[in-house]
Amino acid sequence: MRVSASLPRMAALVALPLALVATTTVASRADDAPAAPAPLNARQRSDLTEQHLNIGRTGGGRAALVNNTLADRGVTSTAAPGVVTLTWKPYAADARYTVVRGETPLTTTKPGQATFKDTTATAGASYQYRIIPQLKGDTSAARTWGLTVAVPKVKHGEAEAAAVQRTAVAQAKAAKASATTTLTWTTFIPDKYINQPIPKACKYWGTKYVYGGDNRGFDWKSSRYRTSESAVITWKNRKVSGYTSVKATHVYRKSNHKLVAQKTASAKDMKVKKLGSGSGYVDIRMVTHATNPFCGGIAKVKGAIDGALTFHITRGGWEIRSGNHRRMPNHEIYIYNGGRVTWVYKSKYASPLCLVGALLCDLRNLTGYYGKYK
């Protein structure tokens with residue numbers, strides 16, 4: 001079924017030009033009247049425009065903060081003190097969606113409904129919403145949308161319009177402060193030494209030899225790992241720079257831990273790729289794959305660290321659209337944004353058998369993981 005390319009209209013929203021908001025003043029008022037918004041300066045107006053934020057009004061005349069970060073995808077959020085309205089473009093005329101706030105489902109829409117008003121939103125809170133399609137029929141155009149929404153809160157003696165403007169300016173400033181966002185996916189063996197689990201599957205096996213591990217726990221600062229890859233997003237032009245690395249594999253004599261052999265696996269199958277981007281978002285594909293360079297012997301088995309993930313990254317949060325990984329070794333995923341680290345995922349390995357064949361190891365599905373930055 002063909003979906004209209006036009007963006008959904010928000011009947012309840014009337015956008016106000018930033019220049020109008022900037023020059024709105026009150027000539028005179030009673031001493032106890034709420035303070036009106038102060039004029040925006042040139043930098044504040046520029047920040048709002050750059051971050052795709054706008055100050056508008058609802059159909060009832062209330063001031064509202066409009067986030068158009070995903071507008072080119074047909075998704076918009078509007079927040080007034082105590083209420084959030086979400087609008088999106090459906091993948092089909094009769095599509096239904098479930099709206100989730102945090103971990104709590106709020107509603108499942110009627111067929112064709114493409115807007116939802118959350119009247120339980122708390123003023124001053126920041127929420128992560130997901131708009132999840134209930135798949136039926138042709139779902140090739142279906143997408144799960146993730147949005148971070150700041151709900152304005154009116155301070156004592158402040159006009160509602162001033163509260164909305166203050167929230168918008170603060171949100172734009174915080175987003176601009178983060179010129180880049182770095183997504184990192186690392187795998188490591190927490191043990192200091194580990195046995196080769198399958199006889200004759202690799203060159204060094206049995207009771208005489210052990211393989212070197214990384215001897216660490218979950219730690220984003222550590223430089224010890226098996227594989228690591230990063231995607232650095234520059235938000236000004238939405239450029240993605242990809243970096244991949246595979247550390248050397250060491251074999252030791254078990255009796256005295258003397259180094260016997262050292263070899264580094266190829267990183268040719270490690271990939272970081274930008275899939276697409278738009279106003280305030282970037283989609284990234286990561287593939288982690290590295291074999292044990294000493295494997296492939298009599299058993300013709302090549303052990304491997306293996307996984308692939310597709311990320312949707314915005315300036316306010318992230319979502320794993322699809323992906324899985326073999327459960328060996330440990331996996332950690334984190335995002336460095338605005339001077340802080342946000343943990344995306346941590347997983348301890350299931351068994352060393354995972355390194356010698358997919359048939360001996362189940363996969364961990366990561367589709368649907370999402371969150372906002374710290």
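In this predicted model, helix α2 is followed by His 52, a residue whose phi is positive and lies near 60°. At the other end of the helix, which covers residues 42-50, a side-chain oxygen of Asn 41 reaches to within 3.1 Å of the backbone nitrogen of Arg 43, and this approach is found at the start of α2. Helix α2 belongs to a chain that contains three helices and 25 strands. Of the 374 residues in the chain, 47% are buried. When contacts with a separation of 6 or more are considered, 63% of them are accounted for by residues 24 or more positions apart.

The pairing of the strands can be followed along the later part of the chain, beginning with an open sheet of four strands, which has the order β12-β13-β16-β17 and antiparallel pairing. Strands β12 (193-194) and β17 (259-263) stand at the edges of this sheet, and because each has a single partner strand, one side of each is left without a neighbour in the sheet. The partner of β12 is strand β13, made of residues 209-212, and the two pair in the antiparallel sense over two bridges. Within this pairing, Tyr 193 has Gly 212 in β13 as its bridge partner.

Another antiparallel pairing joins strand β18, residues 271-278, to strand β19, residues 281-291, over seven bridges. These strands form a hairpin with two residues between them, and in the turn Gly 280 has a positive phi of about 85°. Ser 277 stands opposite Val 282 of β19. Strand β19 also pairs with β20, again in the antiparallel sense, and eleven bridges are found between β19 and β20. In this pairing the bridge partner of Ile 284 is Phe 311, a residue of β20. In a regular strand, side chains alternate between the two faces of the sheet.

Empty space in the structure was examined next. Rolling a probe the size of a water molecule over the atoms shows where such space is left. The largest pocket holds about 820 Å³ of space. Its lining is made up of 35 residues, and those lying nearest the centre of the pocket are Thr 148, Gln 171, Ala 175, Arg 315 and Gly 316. Two or more residues of this lining are given by each of the elements β9 (126-134), β10 (145-150), α3 (160-177), β20 (304-314) and β21 (317-326). Helix α3 provides the largest share of the lining, namely six residues. When the lining residues of the largest pocket are sorted by class, eleven are nonpolar, 19 are polar and five are charged.

A search of the whole structure also finds two cavities of 30 Å³ or more. The second largest cavity contains about 40 Å³ of space, and the residues that line this cavity are Leu 65, Val 66, Asn 67, Ser 77, Ala 79, Thr 148, Val 149, Ala 150 and Gln 171. Strands β3 (63-67), β4 (76-80) and β10 each supply at least two residues of this lining. By class, the lining of the second largest cavity divides into five nonpolar and four polar residues, with no charged residue. Thr 148 and Gln 171, which are listed among the residues nearest the centre of the largest pocket, are thus named in the lining of the second largest cavity as well.

Note on methods. Residues are numbered from 1 along each chain as its sequence is written. This is a predicted model: local features need pLDDT of at least 70, side-chain atom pairs count only at pLDDT 80 or more; totals for chains, interfaces and linings use all residues. Side-chain values use heavy atoms; hydrogens and water are left out. A polar contact is a pair of N or O atoms within 3.5 Å; within protein, one must be able to donate a hydrogen and the other to accept it, and residues adjacent in sequence count only if both atoms are side-chain atoms. On a 1 Å grid over the protein atoms alone, a cavity is a set of points where a 1.4 Å probe fits but cannot get out, and a pocket is an open set with protein on both sides within 12 Å along at least five of seven lines; lining residues have an atom within 4 Å of a point. Grid points are joined across faces, edges and corners, and a volume is the space filled by probe spheres set on the points. Ala, Val, Leu, Ile, Met, Phe, Trp, Tyr, Cys and Pro count as nonpolar, Asp, Glu, Lys and Arg as charged, and the others, Gly among them, as polar. Two strands pair if DSSP finds at least two bridges between them. Buried means under 20% relative accessible area, exposed over 50%, partly exposed in between (1.4 Å probe, protein chains only). Contact means heavy atoms within 4.5 Å.
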